[in-house]
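Biologist: I should be grateful for a close look at one part, the largest pocket, followed by the elements that help to form it. What volume does the largest pocket have, and which residues lie nearest its centre?

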Amino acid sequence: MIFKDGDPNQLTDGWADVDTPLWTSEHRLRGVAYLRMLNLWDEDIYHSGAPQIGAVLKGGWVDGHPFFDPRTGANPQYTTNPAILAAWYMTLPRHKGGMGIPDAWIDWPYVSAAANICDESIVVKKLDGSGHESIKRYECNTLIDTGNPPVENLNIILSAMAGDYVFTAGRYRIFAGAFRPAVVVITDDDIVGDKDISLDRSGQDDAPANMVTSTFINESRNWLESSPRPVRNEAYILADGAESPLDLSLPATTDERQAAYLMGVALESARPSMAGEIPVLGVGEDLAVMDTVQLDLSNRPQYAGRTFQIVNRIDNWDGTFNLTIQEIRANVWSLDPDTFLPTDPTPVPDTSYLWNVAPITNFVVAAQQPQALADGTGVVRIDLAWDLHSQPYVREGGRIEVRYRIPSGDWISVPPVHGGAVGTSFTAALGNGLEYQFQARAVNGVGATSNWTDNWIDYNGVRTAPPALTSLTTKGILYGIDLAWVFPGTKNALRHTEIRHGLSNRFTDSVPLGDFAYPTNTHTRAFLPPGRVEFFWARLVDENGTDGPWFPAVDEPGIRGEVSADAAAYDELITQQILESALGEQIWNGIESIPDIQQKLDELSKAGQHDPDKAYLSGSVVVDNGKMYRAKQDVPVQTPITDEAYWKYIGDYASINDAIAALALQTRENTQKIEEIDGVVTATATSTSMLMAARRENEEGSGLLENVANEWDTRAWVSHLQLTRVTAEQAEAIVQQQVGAQLAGVVATVEDISQSVVDIEGKFNATRSVRLSVDDKGTVYTAGYGIGLSNESGVTQSQFVVLADRFAVMHAPNGTPVAVLTVQNGVVMLNEAMIGNATINAAKFTEWLESTAVGPNGVPVLRLNFRTGEIQLNGNSTGGGRMTLTNQLLQVFDENGRLRVRVGIW
């Protein structure tokens, strides 16, 4: 057998007479503790297979982090004290598997106190049963997995000493399971006078444990997981009326007697004890969770002599504190060595009256006639009554619960009433002719309940059909019709309003529009074409499914509704939608320079003469001997312009004559980067390029480079940007091209933008726009057009938008240009049009309006002359006559053109 302790420099060993080709001298496992065995096969010895190999190890500290015993200040090589191990693990660095808590954050005096408790002796039976002996109260022997959460490993260590830990006053305090005397006595002077003290002697569990089982790692059984004999308290089981088990897991305990002691402690700790809340004044400032207190209060002798542990502390920030306290008893940890039950058992109180709650008696149910609320809902008032409950725990701190249902239906609960009440009333919508089951029960102050008491009723609340609606009105809106209706006064329990609609005013042609749950009284028909007319009928349906009459009646025309045909309103709406869309923003927003390109061009156009006595920052641009250079890094003084480690040649600077300087610039850049923007990882690829020519007047005329940093008076440029951007939620691509010219205070720009955006929610936007802009000494003129397809508003919408003072569609018959459609200054002009269906708010006609239908002689059947005011009605078949009407005369002619009737002035 070969054992290695995990030394970082350990070598491998072997067996002199045995060759192990699969384990060479290179198999050192440095930093890893391991056990290696060699077994020579013997059929007689190993006839059942290879033996199982195990080892019992005593763990030491981790390199660089020794155990620390605060009682002596020493660093023991080995310890089984759970308190010392807990503090060691809490301060073990995270990268070594611990919790990583700084040493300064540990309240070491509390660690010392807990360690002393662990080392205290308890008397137990010897393992062979021959007598008794003393052993340490608590020890920890376990293997922890650093792959588990650190708190989980800490709880394994704490389980070996029935321990706990808290963080208070900037320190971690560790506690071992033991009785701790009170550190403070709270008196009348410490109590908040206007707040209640709420303490209950019944405990916190409806079924407290009266027996405990567990599992632990049994050293005497070859370190296998075992279950010790259960710890049972027969007196508790008799008082409780049934077994109530509690199961413990003790993975860090290896002695069966220590496991049994922990089981006994858990059993007594789970039994009912006094607990609750108490409001205190300034004394709460000096108290912390896990501190112990006693109460010395006037007129409350039941609290005297008891010790309480603080399990929660709330600072109200007004000088008062709420303490949640739990009684602790010394006999919890003073256990018999044979039974592990208290040597001084706590008397079992007779609390049977708390769990045996008497049922409700003389339970009466009376359902009244249906009534109508102000909104028309039909409801029934139900009166319930019963006798005053006989038990004070119900009358003083309990409640009465009520519920009802139809047979086999779901229960419907009624708000509970105080335990001292003898009745209640509530309203409900009961169905006519149905049988209902009502139940009531009592609940006392500790939550124990009685059996349900039943009563049954057959409800009879016959109602006629609901009446017709009072009114149904319509209002035309843009792309829709608003409906509104008024309910009549009725005692029926209304369910919904049923509405039908159609394109004709006949009910038989209508189709269902929908059922609208009561009390809904409005609806909007949306996405309709302008000018559309529909007719509507509606009726009420109650909760019993009874239909009311239609309004209007089925033999009457429906209520007419017409979609708005207000052209001005549609123009305003469409304009607003265009401006708010991505395409509108592209067309309407001002033209701006491409930022990255403009920054570089500004650097170039403002370049100064190189000065060797001056230091330059990275990116600076200078001119020297007709050439331009950019600093590749920060440049120290006295660095020659020819030093390529600092300066990069970027172009020539040429002269036109002594008075004029000209500059030609070109830049191109490609970038790819991944960065986090507002918490979102974004991948961006960009390609930018620009070509610019510029010139300026040499104001001082003293040389080519004089005042080279001044702004250029004249320039022309072409810039191009290609950008792609992707995140986990959106993909976007943009191509932007811009051409521009500037001279004498006038800047003319043309910009072409193509953009596509898609996001993870299915929203998309694809646009293409061209914008033209001229800035004439501060006065800006804009034109452009764009086409887009998006679903930004929730509806897929395509649009083509033109921004111009004049818009024309032309053709060129025989090579001659002719305007077919023109829009100028908001006025549309057409030479000729054929319209299938038109909605016109107002129209002006200058000549004739004629029908397409003509008579036998080819004359239109109807002609209106808007210049003379004459109306002509002509026959549409052979043998028909004709009629003319002016503002003075009505004339009728027969089929031969003979005047037959003349009425008017002539």
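Modeller: The largest pocket has a volume of about 1,900 Å³. A pocket is here an open set of points on a 1 Å grid over the protein atoms alone, where a 1.4 Å probe fits, with protein on both sides within 12 Å along at least five of seven lines; lining residues have an atom within 4 Å of a point. The volume is the space filled by probe spheres set on the points, which are joined across faces, edges and corners. The model is predicted: local features require pLDDT of at least 70 and side-chain atom pairs 80 or more, whereas totals for chains, interfaces and linings use all residues. Residues are numbered from 1 along each chain as its sequence is written, and side-chain values use heavy atoms, without hydrogens or water.

The lining of this pocket comprises 46 residues, and those nearest the centre are Leu57, Lys58, Gly59, Gly60 and Leu143. Sorted by class, 24 lining residues are nonpolar, 13 polar and nine charged; Ala, Val, Leu, Ile, Met, Phe, Trp, Tyr, Cys and Pro count as nonpolar, Asp, Glu, Lys and Arg as charged, and the others, Gly among them, as polar. At least two lining residues come from each of β1 (2-5), β2 (33-36), α1 and β4. Helices (H or I, at least four residues) and strands (E, at least two) are DSSP runs numbered from the N terminus.

Among these contributors, β1 and β2 are joined by a loop that holds leucine 29. Although leucine 29 is not a glycine, its phi is positive, at about 50°. The relative accessible area of leucine 29 is 39%, so this residue is partly exposed; the class lies between buried, under 20%, and exposed, over 50%, for a 1.4 Å probe and protein chains only.

Helix α1 offers another setting. Ten of its ten residues are buried, and α1 is therefore largely enclosed by the rest of the structure. The buried residues of α1 include Trp88, Tyr89 and Met90, together with Pro82 and Thr91. The cover over α1 includes α2 (108-119), α3, β5 and β6. At the N-terminal end of α1, asparagine 81 acts as a cap, with a side-chain oxygen 3.0 Å from the backbone nitrogen of alanine 83. A polar contact of this kind is a pair of N or O atoms within 3.5 Å; within protein, one must be able to donate a hydrogen and the other to accept it, and residues adjacent in sequence count only if both atoms are side-chain atoms.

Strand β4 (residues 132-136) pairs with β3 (residues 121-125) in the antiparallel sense over five bridges, where pairing requires at least two DSSP bridges. Isoleucine 122 is placed opposite isoleucine 135 of β4. In a regular strand, side chains alternate between the two faces of the sheet. In β3, Ile122 and Val124 make up a covered face, while Ser121, Val123 and Lys125 make up an uncovered one. Six residues separate the strands of this hairpin, and glycine 129 there takes a positive phi near 80°.

Beyond β4, the loop that leads to α3 contains threonine 142. Threonine 142 is partly exposed because its relative accessible area is 34%. Not counting residues up to four places away in sequence, threonine 142 touches Ile156, Pro251 and Ala252, a contact being heavy atoms within 4.5 Å. A polar atom of the threonine 142 side chain lies 3.3 Å from the backbone oxygen of proline 251. The C-alpha atoms of threonine 142 and threonine 253 are separated by 7.3 Å, although these positions lie 111 residues apart along the chain count.

Ile156, touched by threonine 142, is one of the buried residues of helix α3. This helix, residues 150-159, is mostly covered, with seven of its ten residues buried. Other buried positions in α3 include Pro150, Asn153 and Leu154. The buried residues of α3 pack against α1 (82-91), β5 (164-168), β6 (171-175), β12 (245-250) and α5 (256-269).

For the wider setting, the protein has ten helices and 51 strands. Of its 906 residues, 36% are buried. Among contacts with a separation of 6 or more, 54% are between residues 24 or more positions apart.
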